[in-house]
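User: Hi! Could you walk me through a structure, one question at a time?
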There are 2 protein chains.
Amino acid sequence: MDVALRAELAAQGVAPDCIETIGLVRDILARVGDKWTVLIVTELASGPMRYTALHEKISGISQRMLSHTLRALHRDGLVTRTAYAEVPPRVEYELTALGRSLAQAVDHLVLWVRTHQSAIAGNRDAFDGDD
Amino acid sequence: MDVALRAELAAQGVAPDCIETIGLVRDILARVGDKWTVLIVTELASGPMRYTALHEKISGISQRMLSHTLRALHRDGLVTRTAYAEVPPRVEYELTALGRSLAQAVDHLVLWVRTHQSAIAGNRDAFDGDD
DNA sequence: CAGCATCCTCTTAGATACTG
DNA sequence: CAGTATCTAAGAGGATGCTG
């Protein structure tokens, strides 16, 4: 699919690095807009946290999704992962500078949603009502 | 799941309308962060467009996803849908004021991604390299 | 404690074919 | 032209059990 998209964009005469950008933007946007990502980033915005603390604070997330999302975030350099060689083991996650700037950007969008949520909810009701 | 989340948040002592907000924010964020939504909204930012025009401009989208996403956008009051009683039929989609404000907010996030994409790409390479 | 591996289910979205 | 209907494949994500 990525390849097909690439080919199609190329056929349309889109510049190569624009294609690169579109793919990456899509990809990063998918991560950023992700349900769990938003919640984790928001949670970490207030300071470093341990795995279990996150698991308890973000109700409903499974261990699987928590570690997968944290790993993805770590991979993108949005959080740091610090494992202390203790017994019992302790691992702390913390936003990087990049992660904090993301938190701000996300906050901006969340603010938009909060500002317009009632309007949207109203539109949905109206739409579902008649139509 | 929504119900379980609700119950858990309540158990944690989260205020009822905060719970409502969290659910809605998640929901709207999922729509807003959606791959096709972003592309459609971005495309419509430059003016009203017909179904086929969108389909051609947004390469890779299927008819199914285009109509589904447009319908969702319409439901949320982010775009208007105007069908002209002609032969052959003509339908135009256009951002509403709300849709335009969303376009701006999305643009902000897209800008963040564009600004930091190389850093993220570098982080990924580094992560995949060693680890 | 902090997770990974496995299994299994449910949703998502593409392809294809058909309609007002 | 502007969709809808149906089928199917791929992936997301939950539950469970096990490990450094």
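Analyst: Happy to! One term first: a contact means heavy atoms within 4.5 Å. Please keep in mind that this is a predicted model.

User: Which residues does A:Asp76 touch, not counting residues up to four places away in sequence?
Analyst: Start with its place, the loop between helix 5 (63-75) and strand 2 (79-84) of chain A. Leaving out residues up to four places away in sequence, A:Asp76 has contacts in chain A and in chain B. They are A:Arg31, A:Leu98, B:Ile120, B:Asn123 and B:Arg124.

User: Is A:Asp76 buried or exposed?
Analyst: Buried means under 20% relative accessible area. A:Asp76 has 2% relative accessibility, so this residue counts as buried.

User: How are helix 3 and helix 5 of chain A oriented to each other?
Analyst: Two packed helices are described by the angle and the distance between their axes. Here the axes of helix 3 (residues 35-44) and helix 5 of chain A come within 10 Å and cross at roughly 75 degrees. Angles of 65 to 115 degrees count as roughly perpendicular. Therefore helix 3 of chain A is, relative to helix 5 of chain A, roughly perpendicular.

User: What relation do chain A and chain B have?
Analyst: Two copies of a chain are related by a rotation about an axis and a shift along it. Chain B is superposed on chain A by a rotation of 180 degrees with 0.1 Å of shift along the axis, at an RMSD of 0.1 Å. That is the relation of a two-fold axis.

User: Which residue of chain B has the C-alpha nearest the axis?
Analyst: Stay with that two-fold axis. At 2.3 Å from the axis, the nearest C-alpha in chain B is that of B:Gly33.

How values were computed: Residues numbered from 1 in each chain as written. Chains lettered and ligands numbered in written order. Predicted model: local features only at pLDDT ≥ 70, side-chain atom pairs only at ≥ 80, totals over all residues. Heavy atoms only, no water. Helix = DSSP H or I, 4+ residues; strand = E, 2+ residues; numbered from the N terminus. Buried < 20%, exposed > 50% of the residue type's maximum accessible area, 1.4 Å probe, protein only. Axes fitted to C-alpha atoms, helices over the stretch in contact; angles between N-to-C directions. Parallel < 35°, antiparallel > 145°, perpendicular 65-115°, else oblique. Least-squares fit on C-alpha atoms with pLDDT ≥ 70 in both.
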